[in-house]
Amino acid sequence: VGALAKRTGETRFFTLKPGQYVDFAALRITARTCETTPPWERPALSGAFLQVDERRPGQPAARVFSGWLYAQSPSLNVMEHPRYDVWLKN
């Protein structure tokens, strides 16, 4: 998973297994499940169901994204956020 903080330009890459989470800036990125098509199927696709929560001081965490991201088709489902980008690498 790749993450970008748009204001600072900080980019980080994480490896997550289902059930794991990472904290990046004000985000908590949680991987719920990952799937890949078998190598003999075309087109080969890798996808992950991610949940992204934003934590702000003095406020409860707010879910800003919950859905599938696809490594080979990043524009198919996009996390739209004014300060952060999250995408699937593989």
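Trp 68 is partly exposed, at 27% relative accessibility. I start there, and I should say at once that this is a predicted model. Tyr 70 is also partly exposed, with a relative accessible area of 24%.

Now the aromatic pairs. Searching the whole structure gives four of them. In one, the ring centres of Phe 13 and Trp 87 are 6.1 Å apart and the planes stand at 80 degrees, so this pair is edge-to-face. Phe 13 belongs to strand 2 and Trp 87 to strand 7, so the contact ties together parts that are 74 residues apart in sequence. Trp 87 is partly exposed, its relative accessible area being 28%.

Back to Trp 68. How are the rings of Trp 68 and Tyr 70 arranged? Their planes are at 15 degrees, with the centres 6.3 Å apart, so the pair counts as stacked. Phe 49 joins Trp 68 and Tyr 70 in a cluster linked by ring pairs.

Next, the charged side chains. As a general point, side chains of opposite charge can pair when their charged atoms come close. Over the whole structure, the search finds six salt bridges.

One of the six is between Asp 85 and Lys 6, where the closest N and O atoms are 3.5 Å apart. What does this bridge connect? Asp 85 sits in strand 7, residues 84–87, and Lys 6 in the loop between strand 1 (2–5) and strand 2 (10–13), so the bridge ties together parts that are 79 residues apart in sequence. Both ends have intermediate accessibility: Asp 85 is partly exposed at 25%, and Lys 6 is partly exposed at 38%.

Then there is Arg 63 with Asp 53, a salt bridge at 2.7 Å from N to O. Here Arg 63 is in strand 6, residues 62–70, and Asp 53 is in strand 5, residues 46–54; the two residues are 10 apart, and the pair links distant parts of the chain. Is each partner buried or partly exposed? Arg 63 is partly exposed, with a relative accessible area of 46%, whereas Asp 53 is buried, at 14%.

Glu 54 forms a salt bridge with Arg 56, at 3.5 Å from N to O. Glu 54 is buried, with a relative accessible area of 7%, while Arg 56 is partly exposed, at 40%. Elsewhere, Asp 23, Arg 28 and Arg 55 make up one network, joined by salt bridges that share partners.

To close, strand 7 comes up twice in this talk: Trp 87 lies there in the ring pair with Phe 13, and Asp 85 lies there in the bridge to Lys 6.

Technical notes. Residues numbered from 1 in each chain as written. Predicted model: local features only at pLDDT ≥ 70, side-chain atom pairs only at ≥ 80, totals over all residues. Heavy atoms only, no water. Salt bridge = Lys/Arg side-chain N within 4 Å of Asp/Glu carboxyl O. Helix = DSSP H or I, 4+ residues; strand = E, 2+ residues; numbered from the N terminus. Buried < 20%, exposed > 50% of the residue type's maximum accessible area, 1.4 Å probe, protein only. Phe/Tyr/Trp six-rings, centres within 6.5 Å; stacked < 30°, edge-to-face > 60°.
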